[in-house]
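Please give a short report on this protein model. Go through its pockets, sheets and helices in turn.

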Amino acid sequence: SGKAKREFPNLTRGKDPLELWNKTGELGDGAFGKVYKAENRETGVLAALKRVPIQDETELEDFMVEIDILTECKHRNIVDLYQAFFHDSALWIFIEFCAGGAVDDIIIELDHGLSEPQIRCITHQMLQALECLHTSGCIHRDLKAGNILLCPDGSIRLADFGVSARPNKGQQQKKRDTFIGTPYWMAPEVVVCETNKDAPYDQKADIWSVGITLIELADMNPPYHEMSPMRVLLKITRSDPPTVELPHKWSKEFNSFLRKCLTKNPETRSSATELLQHPFVASVSHHKPLRALYQEVKSEVVEL
Ligand SMILES: COc1ccc(Nc2ncnc(-c3cccnc3Nc3cc(NC(=O)c4cccc(C(F)(F)F)c4)ccc3C)n2)cc1
């Protein structure tokens, strides 16, 4: 095309990814193209591979937002980008493979919610990942158990299988009609923004979604899961902040932490940095409860 090719430092062009990586299986059919499991021919390292068909350079720029975020936000609790290629009119993204899969699938597989020690562990790592994203000026916008991956050592990685966007730092305005995020986890001010598209919202919206995700981990579903998505939007804006189904079943610290996340006013809602000082997560020091969770999932599969 006549348009000058934009330089993308984190993108390898003119190399066939399958010379370096061997596709070993399928992981699912993502919102944007297929997702495969892959193994590095030289090192044996395992990766998850997403192949996104690209029509032209402008579409490539849209999808490079994701590569930029993953390059800028290198953190032990955010999925690790190994390599990105532009080859055969497609963007090939190779991510560190997390063998435990997504936490919402684990809850379905085990058919029970997580224990409080397991939830404390996940929350501590989620807040660290969010603190890193927010410091880099990014907003996730679609936090939920389905976007949290579990690794065998009990660590978790924040992922985004939808399309997370960056705040418009002079970049193209988020497409006005796209509906970002699944409604159940949406903070009140985001619902207002999506419906009247004016109220600005920022990183505090992710903190609300942390609270909803903790309820999802404890009760196996987010609040109002039995309602239709449209009715949920009204419910979220009109109701008092939700709690877990049986608050007395959980510690004072857990309920207090939830109240800090599920504060309707984003101004007074705590930030990720503030919440890392909260007693619910301040004393977390190891991943043991999540290593046990990984073993449980893996043993479950063997039994079947
Ligand atoms: C069904 O069983 C399993 C078992 C293991 C796994 N493990 C695994 N490990 C790593 N990635 C994936 C994965 C699965 C489906 C789709 N994509 C996956 N990873 C992936 C993620 C991304 N991008 C992000 O996660 C992402 C994009 C933008 C922002 C962010 C964040 F905000 F978190 F920084 C994260 C890009 C390309 C790929 C292949 N899956 C998945 C399913």
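## The second largest pocket

Helix α3, residues 103-110, gives the largest share of the lining of the second largest pocket: 4 residues. The model is predicted. The space in this pocket comes to about 240 Å³. In total, 17 residues line the second largest pocket, and those closest to its centre are Asp 104, Ile 108, Gly 146, Trp 185 and Glu 216.

What classes of residue make up this lining? There are 8 nonpolar residues, 4 polar ones and 5 charged ones.

## Cavities

Rolling a probe the size of a water molecule over the atoms shows where empty space is left. Across the whole structure, the search turns up 2 cavities of 30 Å³ or more. The second largest cavity holds about 60 Å³ of space.

Which residues line the second largest cavity? They are Tyr 184, Met 186, Trp 208, Ile 212, Pro 223, Tyr 224, Ile 236, Ser 239, Asp 240, Pro 241 and Pro 242. By class, this lining has 9 nonpolar residues, 1 polar and 1 charged.

## The sheet of six strands

Strands of a sheet pair through backbone hydrogen bonds, either parallel or antiparallel. One open sheet here has 6 strands, and its pairing is mixed. Read across the sheet, the order is β1-β5-β6-β4-β3-β2. Strands β1 (12-13) and β2 (21-29) sit at the edges, and each pairs on one side only.

Now look at one pair inside this sheet. Strand β5 covers residues 81-87, and strand β6 covers residues 90-96. The two run antiparallel, joined by 6 bridges. Leu 81 faces Ile 95 of β6.

## A helix across the sheet

Helix α2, residues 57-72, lies across four strands: β1, β4 (46-53), β5 and β6. Its direction makes an angle of about 10° with β6.

A salt bridge also joins helix α2 to this sheet. The side chains of Glu 66 and Lys 50 meet in it, at 3.4 Å from N to O. Glu 66 belongs to helix α2 and Lys 50 to strand β4, so the bridge links distant parts of the chain, 16 residues apart. The whole structure holds 8 salt bridges.

## The sheet of three strands

Another open sheet has 3 strands, in the order β7-β8-β9, with antiparallel pairing. Why is one side of β7 and of β9 left without a neighbour in the sheet? Strands β7 (101-102) and β9 (156-158) stand at the edges with a single partner strand each, so one side of each has no neighbour there.

Strand β8 spans residues 148-150, and 2 bridges join β7 to it. These two strands run antiparallel. Gly 101 has Leu 150 of β8 as its bridge partner. Helix α4, residues 116-135, lies across β8 and β9 and runs at about 35° to β9.

## Two helices packed together

Helix α6 (residues 204-219) packs with helix α8 (residues 252-261). The angle is about 145°, and the axes are 7 Å apart. On the α6 side, the contact is made by Ile 207, Trp 208, Val 210, Gly 211, Leu 214, Ile 215 and Ala 218. On the α8 side, Phe 254, Phe 257, Leu 258 and Cys 261 take part.

How many of these contact residues are charged? The count by class is 10 nonpolar, 1 polar and no charged. Trp 208 of α6 is in this contact, and Trp 208 is also one of the residues lining the second largest cavity.

Key
Residues are numbered from 1 along each chain as its sequence is written. This is a predicted model: local features need pLDDT of at least 70, side-chain atom pairs count only at pLDDT 80 or more; totals for chains, interfaces and linings use all residues. Side-chain values use heavy atoms; hydrogens and water are left out. Axes are lines fitted to C-alpha atoms, for helices over the stretch in contact, and angles run from 0 to 180 degrees between N-to-C directions. Contact means heavy atoms within 4.5 Å. Ala, Val, Leu, Ile, Met, Phe, Trp, Tyr, Cys and Pro count as nonpolar, Asp, Glu, Lys and Arg as charged, and the others, Gly among them, as polar. Two strands pair if DSSP finds at least two bridges between them. On a 1 Å grid over the protein atoms alone, a cavity is a set of points where a 1.4 Å probe fits but cannot get out, and a pocket is an open set with protein on both sides within 12 Å along at least five of seven lines; lining residues have an atom within 4 Å of a point. Grid points are joined across faces, edges and corners, and a volume is the space filled by probe spheres set on the points. A salt bridge is a side-chain nitrogen of Lys or Arg within 4 Å of a carboxyl oxygen of Asp or Glu.
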